[in-house]
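Dear colleague,

I am handing over the structure we spoke about, and my notes on what was found in it follow underneath. Please read them with the model open beside you.

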Amino acid sequence: MINSQAPGSNIRDETMMAPTPADLGIAAEIPVFSGLEPQALAILLGPASIFNLRPGQTLFRQGEPAQAFFVVMDGWVKLYRVTPAGDEAVLNVLTRGESLAEAVTFTSSRYPATASAVTPARVMVIPADHVVACIRQMPDVAIAMIASTSQHLHRMVQQIEQLMAQSATQRVAEFLASLAPRTRGPCTIILPYDKSLIAGRLGLKPESLSRVFAKLRMVGVDVRASNVVVRDMAQLCKLVACDRISGHCPVKPKMMCSQPPAPRAIQPEVKSVPA
C-alpha cells in the first residue's frame, strides 16, 4: 500500500475505505482497464482503496515519488504545475471515470505535477508497486497502460491545438457545450467549479474570461453566478467551429457561421478598336 503519510500529502488513514461494487464498475470502464479480462482486472484492483478528499486537499505533489495511480470516482480534481514564478499552470481538470498518473507508476518516476480536489471528491488509489508486479505477471496490463498513456498524449495535443488555433470565444463556447445535456434549444448549464479555474483550464486570464462571457450575451448566453442560461444551444455550438463575434462581423444569430458569398467572376475589360 502507499504511504498515506507521505511527505506533502494531506491524506490520512481515516479517509481510506474499500471500494464499493459501483466504484469497481466505474474503474472497469476506464480506457486503461477496458480491455482487460475480468480475472486480470480483479487482481489489479485487489488492493485498491478509496480516498475522500475535501476541496483544496492535495492528492499528490509535483516532485514526490510516484506511489500510486488514481481514478476519479466522483467530484473534480485539478492537475497543475507550479511555475518558477510561483503561478499555477492548469494542465487538466478531471472528473468521474478519468485516470491520472498511470505512466509514472511503472517507471518508478516522480509526479510531474500536483493534483488536488476542486470539489468534494472520491478517488480510487492503486499502489504503484502492485501495478508493477501485475505488469510482470500479466503483459496485457502493460499494453492497456501504454494505450491509456497514448490517449492522454493525444488529448494533450488536442489541448495545445485548441490553445493555438481557437479564439478565446471558441474555447469558452466549446467548454460550455461540453457541459450541456443537449445540442439544441434552450438549456441551463451549471459550472462545475469556480471561474478562475475555468479561465486557467482554457488558457485565459480571469478578466479575459469575464470579457468573453459579456460578449456571449450577444448570442443569448447569460452567465448568472454558477448558472449559464443559453437561449439556443445550436448557436453556441456553431461558435466552436466559427467565431463570428468580432468587430468586422456583427453578431446576427441567423447569419452566424454562414459561408462567405462566392466571389463574382471578373469580366475582362473589352477595349474598343477604332475602325
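**The second largest pocket**

The second largest pocket holds about 410 Å³ of space. Please bear in mind throughout that this is a predicted model. The lining of this pocket is made up of 22 residues, and those that lie nearest its centre are Glu 88, Ala 89, Val 90, Gly 200 and Arg 201. Strand S6 (88-94), H6 and helix H8 (195-201) are the elements that give two or more residues to the lining, and the largest share, 5 residues, comes from H8. Sorted by class, the lining of the second largest pocket has 11 nonpolar, 5 polar and 6 charged residues.

**Confidence**

Since H6 contributes to that lining, you may wish to know that helix H6 (residues 139-165) is where confidence is lowest in the protein, with a mean pLDDT of 74, whereas strand S8 (residues 114-117) has the highest, at 96. Over the protein the pLDDT averages 81, and 81% of the residues score at least 70. Two stretches call for care: residues 1-10, where the pLDDT is below 50 and the model has 28 contacts beyond near neighbours in sequence, and residues 244-273, where the pLDDT stays under 50 and the model has 24 contacts beyond four places in sequence.

**Overall make-up and cores**

The protein has 275 residues, of which 43% count as buried, and its elements are 10 helices and 12 strands. Among contacts between residues at least 6 apart in sequence, 72% join residues at least 24 apart.

In soluble globular proteins, nonpolar side chains tend to be buried together. Here the largest nonpolar core has 46 residues, and the members that touch the most others are Phe 33, Phe 60, Phe 69, Phe 70 and Met 124. Strand S4 (residues 68-74) supplies the largest share of this core, namely 6 residues. Apart from this core lies another, of 29 residues, which includes Cys 187, Leu 191, Leu 197 and Leu 202.

To take one member of the largest core, which residues does Phe 69 contact once its neighbours within four places in sequence are left aside? The partners of Phe 69 are Val 32, Phe 33, Leu 100, Ala 101, Glu 102, Thr 105, Met 124, Val 125, Ile 126, Val 131 and Met 145.

**Two alanines with positive phi**

Most residues other than glycine have a negative phi. Ala 101, one of the contacts of Phe 69, has a positive phi of about 70°, and is found in the loop between strand S7 (99-100) and helix H4 (102-105). Ala 225 likewise has a positive phi, of about 60°, and its place is in the loop between strand S11 (221-224) and strand S12 (227-230).

Are these two alanines buried or exposed? Ala 101 counts as buried because its relative accessibility is 19%, with the cut-off for buried set at under 20%; Ala 225, at 59% relative accessibility, counts as exposed, the cut-off there being over 50%.

**A long-range pairing**

Lastly, His 130 is found in helix H5 (residues 128-137). Although His 130 and Pro 47 are 83 residues apart in sequence, their C-alpha atoms are 7.9 Å apart in space. Leaving aside neighbours within four places in sequence, His 130 is in contact with Pro 47 and also with Ile 43 and Leu 44.

With kind regards

Methods
Residues are numbered from 1 along each chain as its sequence is written. This is a predicted model: local features need pLDDT of at least 70, side-chain atom pairs count only at pLDDT 80 or more; totals for chains, interfaces and linings use all residues. Side-chain values use heavy atoms; hydrogens and water are left out. A nonpolar core is a set of buried Ala, Val, Leu, Ile, Met, Phe, Trp, Tyr and Cys residues joined through side-chain atoms within 4.5 Å. Buried means under 20% relative accessible area, exposed over 50%, partly exposed in between (1.4 Å probe, protein chains only). Helices (H or I, at least four residues) and strands (E, at least two) are DSSP runs, numbered from the N terminus. Contact means heavy atoms within 4.5 Å. pLDDT is the predictor's confidence in each residue, from 0 to 100. On a 1 Å grid over the protein atoms alone, a cavity is a set of points where a 1.4 Å probe fits but cannot get out, and a pocket is an open set with protein on both sides within 12 Å along at least five of seven lines; lining residues have an atom within 4 Å of a point. Grid points are joined across faces, edges and corners, and a volume is the space filled by probe spheres set on the points. Ala, Val, Leu, Ile, Met, Phe, Trp, Tyr, Cys and Pro count as nonpolar, Asp, Glu, Lys and Arg as charged, and the others, Gly among them, as polar.
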